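Open the model in your viewer and keep the sequence panel beside it. The tour below goes stop by stop, saying what to select and what is there.

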Amino acid sequence: HAFREDCVESIHNGIEIPDATLSKPKAGTFVIGSSGRLFQVKDYPLMVEIARTIASTNVQDVHFELAGEGPERPVLVSMVQRYGLQDRFILKGHQDDMDTFYRGIDLYLNTSIHEGIPMTILEALARGIPVIAPAVGGITEIITNGVEGFLV
């Protein structure tokens, strides 16, 4: 059975727009952040691999923060320790105050294998934080490559 087009409505995720863009006091450190449930589909090990690659270039002022909890946490802790990234990669756990989290980052990184329209990307964009994300699912509906961020 087919649905009639005039009977179908798409309802996209939405968020409240913050009153003002949050500004991070610049202290010389560039922070790449991400947040979400620590599940395989989010591919946070890729974020650790990116941190490892950047650390191998000896750039000292790039750090990573990941907010969230979930079953993949032990895998991520192990990777951070194995690669010696304890001073560069912070697993922040569950955060009640996401405004403070977003205030502390300069770039939002999404590494998901597939997504709908992620609330975390909407929250980052609403705060003026550029986003790097995969060109999958609904992400391509909310980010124009080279405008709000970059699709990979």
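Which residue in β4 stands opposite Ile32? Select Ile32 and look across: Leu107 is the residue of β4 that stands opposite. Strands such as β4 are DSSP runs of E with at least two residues, and helices are runs of H or I with at least four residues, numbered from the N terminus.

This is a predicted model, in which local features need pLDDT of at least 70 and side-chain atom pairs count only at pLDDT 80 or more, while totals for chains, interfaces and linings use all residues. Residues are numbered from 1 along each chain as its sequence is written, and side-chain values use heavy atoms, with hydrogens and water left out.

**Strand β1**

Select residues 30-35, which form β1. Five of these six residues are buried, so the strand is largely enclosed by the rest of the structure. Buried means under 20% relative accessible area, with exposed over 50% and partly exposed in between (1.4 Å probe, protein chains only).

Add β4, residues 107-109: two bridges pair this strand with β1 in the parallel sense. Strands count as paired if DSSP finds at least two bridges between them. Next add β2, residues 62-67, which runs parallel to β1 and is joined to β1 by six bridges. Ser35 has Ala67 of β2 as its bridge partner.

**Two crossovers**

Show helix α1, residues 44-56; together with β1 and β2, α1 makes a right-handed β-α-β unit. Right-handed means that, with the strands pointing away from the viewer, the path from the first strand over the helix to the second runs clockwise. β2, α2 and β3 also make a right-handed β-α-β unit.

**Strand β3**

β2 and β3 run parallel, joined by four bridges. In this pairing, Phe64 stands opposite Phe89. Select Phe89, Leu91 and Gly93 for the covered face of β3, then Ile90 and Lys92 for the uncovered one.

**The largest nonpolar core**

A nonpolar core is a set of buried Ala, Val, Leu, Ile, Met, Phe, Trp, Tyr and Cys residues joined through side-chain atoms within 4.5 Å. The largest one here has 18 residues, and those with the most contacts inside it include Met47, Phe64 and Leu85. Two or more residues of this core come from each of α1, β2, α2 (73-82), β3 (89-93) and β4. α1 gives the largest share, five residues.
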